[in-house]
Amino acid sequence: MDITKKFEKLDNDKQQRIINAALKEFAENGYEQASTNRIVKSAGIGKGMLFYYFKSKKALYHYLTDYTLDIVKNEYLTRIDTTEPDFIERMKQAARVKTIALSDNPDTFNFLGTLLLTSEEEVSTDQLQKIQELQKLGNSKIYENIDNTLFRDDIDVDKAFKLIRWSIEGYQNETSAELAGRKMSSVDLHPYWDEFYEYLDILKTSFYK
């Protein structure tokens with residue numbers, strides 16, 4: 001796409017400034033209510049330049065969608081270790097990878113949340129397929145090659161999977177809310193990880209043999 005090529009000729013700092021401003025605007029306001037005026041003001045560029053790089057708001061949204069899906073795949077999903085057969089240990093490792101990816105790309109993951117709620121008309125057919133492929137990859141990264149024999153015989157393993165996942169996601173969401181607005185580089189995460197591992201030990205005691 002010629003428009004994308006024009007944008008990608010910019011220096012990296014300017015590209016990232018525009019991308020971050022747009023990701024934040026769409027994440028906070030959704031596609032319909034997102035304002036290109038606020039995007040250019042935040043990015044420090046003229047509105048004409050934004051439409052020189054992206055011919056429409058939808059074209060910009062499509063670019064951001066591809067950008068976000070690539071980061072989720074490359075910075076998060078592909079880094080999950082599927083050789084670990086212990087479900088809780090795998091979720092522990094996945095949580096660490098996700099925390100790093102989130103701290104490096106906060107606006108990207110916020111945008112992803114709104115992307116999943118966007119009507120299909122705003123996303124291309126190729127992108128819908130890409131989202132489905134990522135969801136499939138995510139499931140395989142979490143559930144494939146898990147040793148179910150680690151679980152107690154008297155519980156439903158599928159329900160245990162869900163309870164463990166909900167517990168971990170709940171802790172992550174609570175911690176993210178507590179740390180919102182703080183610079184991650186200045187936060188000592190060790191106490192949070194220590195507490196997190198204590199909860200995981202409780203889950204192991206509850207569900208494992």
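In this predicted model, helix α10 provides the largest share of a negative surface patch, with 4 residues. The patch as a whole is formed by Glu174, Glu178, Asp188, Asp194, Glu195, Glu198 and Asp201. Two elements, α9 (157-179) and α10 (190-207), each give two or more residues to this patch. Asp188, for its part, sits in the loop between α9 and α10. With a relative accessible area of 48%, Asp188 counts as partly exposed because this value lies between the 20% limit for buried residues and the 50% limit for exposed ones.

Charge can also be viewed across the whole protein chain. Here there are 29 positive and 35 negative charges, and their mean positions lie 7 Å apart. The accessible surface amounts to about 12,300 Å², and carbon and sulfur atoms account for 49% of it.

Turning to the overall fold, the protein chain contains 10 helices and 0 strands. Its C-alpha trace spans about 65 × 40 × 30 Å along the principal axes, and 41% of the 209 residues count as buried. Among contacts between residues at least 6 apart in sequence, 71% join residues at least 24 apart.

A closer look at one residue rounds off the picture. Lys47 belongs to helix α4 (residues 47-53) and is partly exposed, with a relative accessible area of 34%. Beyond its neighbours within four places in sequence, Lys47 is in contact with Thr36, Asn37 and Val40. Of these partners, Thr36 is 11 residues from Lys47 in sequence, with a C-alpha to C-alpha separation of 7.5 Å.

Terms used:
Residues are numbered from 1 along each chain as its sequence is written. This is a predicted model: local features need pLDDT of at least 70, side-chain atom pairs count only at pLDDT 80 or more; totals for chains, interfaces and linings use all residues. Side-chain values use heavy atoms; hydrogens and water are left out. Buried means under 20% relative accessible area, exposed over 50%, partly exposed in between (1.4 Å probe, protein chains only). Contact means heavy atoms within 4.5 Å. Patches are made of residues with over 30% relative accessible area and no salt bridge: like charges are joined within 9 Å, nonpolar side chains (Val, Leu, Ile, Met, Phe, Trp, Tyr) within 5 Å. Accessible areas come from the Shrake-Rupley method with a 1.4 Å probe; for residues, only the protein chains shown count as cover. A salt bridge is a side-chain nitrogen of Lys or Arg within 4 Å of a carboxyl oxygen of Asp or Glu. Lys and Arg count as positive and Asp and Glu as negative; His and the chain ends are not counted. The place of a charge is taken as NZ of Lys, CZ of Arg, CG of Asp or CD of Glu.
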